[in-house]
Amino acid sequence: MIIVYTDTHLSHQPQYEVYDGRLVAYAETSQRAETIIAAIRSRKVGAIIPPRRFPLRHLYAVHQKQYVDFIRLRSAALNAGNELHPSYFMSDTYAPIVAGTYDASRRAADAALTGAELLLRGTRHVYSLCRPPGHHAAHHTMGGYCYFNNAAIAAEYLSRTGRIAILDIDFHHGNGVQDAFYDRSEVLYVSLHADPVISYPYSSGYTIEQGAHEGFGYTTNYPLSRQTNNKQYLRVLSKALARISDFSPDYLVVCTGFDTFYLDPIGGFQLTADVYPVIGNRIASLNLPTLLIQEGGYNVTHLGNLVADFLSGFNNKNG
Ligand code: Q9C
Ligand code: ZN
């Protein structure tokens with residue numbers, strides 16, 4: 001397994017998100033990525049390389065140019081320590097812009113693209129430690145701590161070479177990824193997430209959303225109760241993996257979130273630490289060239305170990 005990481009994300013340091021009109025501490029902190037990379041290093045999960053720089057056209061393949069420009073120009077106009085809560089290009093109030101937002105988001109997309117390029121060159125497994133995350137970012141909207149949709153950008157790039165399956169195991173539905181490929185039949189999107197009746201993003205992730213036009217049948221949502229335990233989760237994961245296997249993709253992209261952990265401060269099913277290596281192992285058993293993209297996970301005390309456990313289970317697919 002190759003790990004793609006840069007510390008450019010350290011320049012993205014929002015202090016607050018607006019939650020029902022009130023300022024609350026920003027949950028998507030830089031400590032998240034720091035604790036993950038520390039655990040990866042100490043557990044020797046794989047070689048760590050920096051992302052290569054990719055041209056903007058890869059971002060424009062998923063996002064509106066005006067939207068990308070907006071993030072770049074607004075980031076550049078801010079002084080250190082200042083924070084903009086824009087009125088435009090937003091799907092919610094959880095993605096403020098600070099001076100380092102554009103650079104960090106751009107390099108997160110580069111990390112995803114670097115992983116995709118490695119797969120094209122024959123590497124079997126790559127983990128891109130993207131921060132900020134991406135799966136809530138849509139064509140011209142940021143939201144849910146996301147600015148550029150790292151997974152969709154990588155999947156779009158890979159889709160020029162083959163059929164792509166995207167598995168989303170973040171606690172929240174990946175509305176941005178679903179939207180990007182909703183009417184396409186050569187990119188499958190399958191997501192397990194908290195029932196949107198009770199959880200963010202509320203507006204999408206329902207079973208009835210199955211794709212449109214040519215893409216009908218190529219989006220599959222599995223909304224789950226917050227009470228879901230390890231055994232119940234693994235049962236639904238098997239169904240999701242069977243759908244992916246039926247599709248017989250050339251590449252698999254995984255939106256890898258750890259906010260499914262029972263102690264997560266903003267999400268949380270009833271999943272315990274010992275299930276993460278099993279989840280990794282089961283996904284690896286699909287035997288596909290796989291790009292793992294970091295999404296959510298907010299318990300910084302446990303996050304490093306959860307990710308390292310998951311990646312170890314993934315590495316150990318025959319064990
Ligand atoms: N203050 C991802 O996991 N809700 N985004 C925050 C709590 C927003 C999560 C409410 C959740 C967005 C990538
Ligand atoms: Zn999430």
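Here are five short exercises with worked solutions on this predicted model.

**Exercise 1: Getting an overview**

Task: Find out how many helices and strands the protein has, and how its radius of gyration compares with the globule rule.

Solution:
- Step 1. Begin with the secondary structure, which comes to nine helices and twelve strands.
- Step 2. Turn to the radius of gyration: it is 18 Å, close to the 20 Å that the globule rule gives for 319 residues, so the protein is as compact as a globular protein of that length.
- Step 3. Add the outline of the C-alpha trace, which spans about 50 × 45 × 40 Å along its principal axes.
- Step 4. Look at burial and contacts. Of the 319 residues, 60% count as buried. Among contacts with a separation of 6 or more, 77% come from residues 24 or more positions apart.

**Exercise 2: Tracing the sheet**

Task: Work out in which order the eight strands of the open sheet are arranged, and which strands stand at its edges.

Solution:
- Step 1. Walk across the sheet from one side to the other: the order is 4-1-7-12-11-8-9-10, and the pairing is parallel.
- Step 2. Check the two ends. Strand 4 (47-49) and strand 10 (219-224) each have a single partner strand, so one side of each is left without a neighbour in the sheet.
- Step 3. Follow the twist, which averages 15° from one strand to the next.
- Step 4. Zoom in on one pair. Strand 1 (residues 2-4) and strand 4 run parallel and are joined by three bridges; Ile-3 has Ile-48 of strand 4 as its bridge partner.
- Step 5. Now see what packs on the sheet. Helix 7 (residues 230-247) touches strand 8, strand 9 (187-194), strand 10 and strand 11. The direction of helix 7 makes about 175° with that of strand 9.

**Exercise 3: Visiting the zinc site**

Task: Identify which residues coordinate the zinc ion (ligand 2), and where Asp-170 and Asp-259 lie in the chain.

Solution:
- Step 1. List the donors: Asp-170 appears twice through OD, joined by His-172 (ND1) and Asp-259 (OD), at 1.9 to 2.8 Å.
- Step 2. Read their spacing in sequence, which is D-x1-H-x86-D.
- Step 3. Place the two aspartates. Asp-170 sits in the loop between strand 8 (164-168) and helix 6 (175-180). Asp-259 sits in the loop between strand 11 (251-256) and helix 8 (276-284). The two are 89 residues apart, and the pair links distant parts of the chain.
- Step 4. Check their surroundings: both Asp-170 and Asp-259 are buried.

**Exercise 4: Two buried salt bridges**

Task: Decide whether Glu-28 and Arg-32 are buried or exposed, then do likewise for Arg-107 and Asp-110.

Solution:
- Step 1. Recall the general idea: side chains of opposite charge can pair when their charged atoms come close.
- Step 2. Apply the cut-off for buried, under 20% relative accessible area. Glu-28 has 0%, so it is buried, and Arg-32 has 2%, so it is buried too. Their closest N and O atoms are 2.7 Å apart in a salt bridge.
- Step 3. Move on to Arg-107 and Asp-110, which are both buried. Their salt bridge has its closest N and O atoms 2.9 Å apart. Both residues lie in helix 4 (residues 101-120), three residues apart, about one turn of the helix.

**Exercise 5: A network**

Task: Find which residues are linked with Glu-186 in a network of salt bridges.

Solution:
- Step 1. Start with the pair Glu-186 and Arg-184, whose side chains meet at 2.9 Å, N to O.
- Step 2. Extend the search: Glu-156, Arg-160, Arg-184 and Glu-186 are linked in a network.
- Step 3. Note that Glu-186 is partly exposed, with a relative accessible area of 26%.
- Step 4. Finish with the total, which is eleven salt bridges.

Technical notes. Residues numbered from 1 in each chain as written. Chains lettered and ligands numbered in written order. Predicted model: local features only at pLDDT ≥ 70, side-chain atom pairs only at ≥ 80, totals over all residues. Heavy atoms only, no water. Donors = N, O, S within 2.8 Å, 3.2 Å for Na, K, Ca; no water. Helix = DSSP H or I, 4+ residues; strand = E, 2+ residues; numbered from the N terminus. Buried < 20%, exposed > 50% of the residue type's maximum accessible area, 1.4 Å probe, protein only. Salt bridge = Lys/Arg side-chain N within 4 Å of Asp/Glu carboxyl O. Pairing = 2+ DSSP bridges. Axes fitted to C-alpha atoms, helices over the stretch in contact; angles between N-to-C directions. Contact = heavy atoms within 4.5 Å. Rg over C-alpha atoms; globule rule 2.2 N^0.38 Å.
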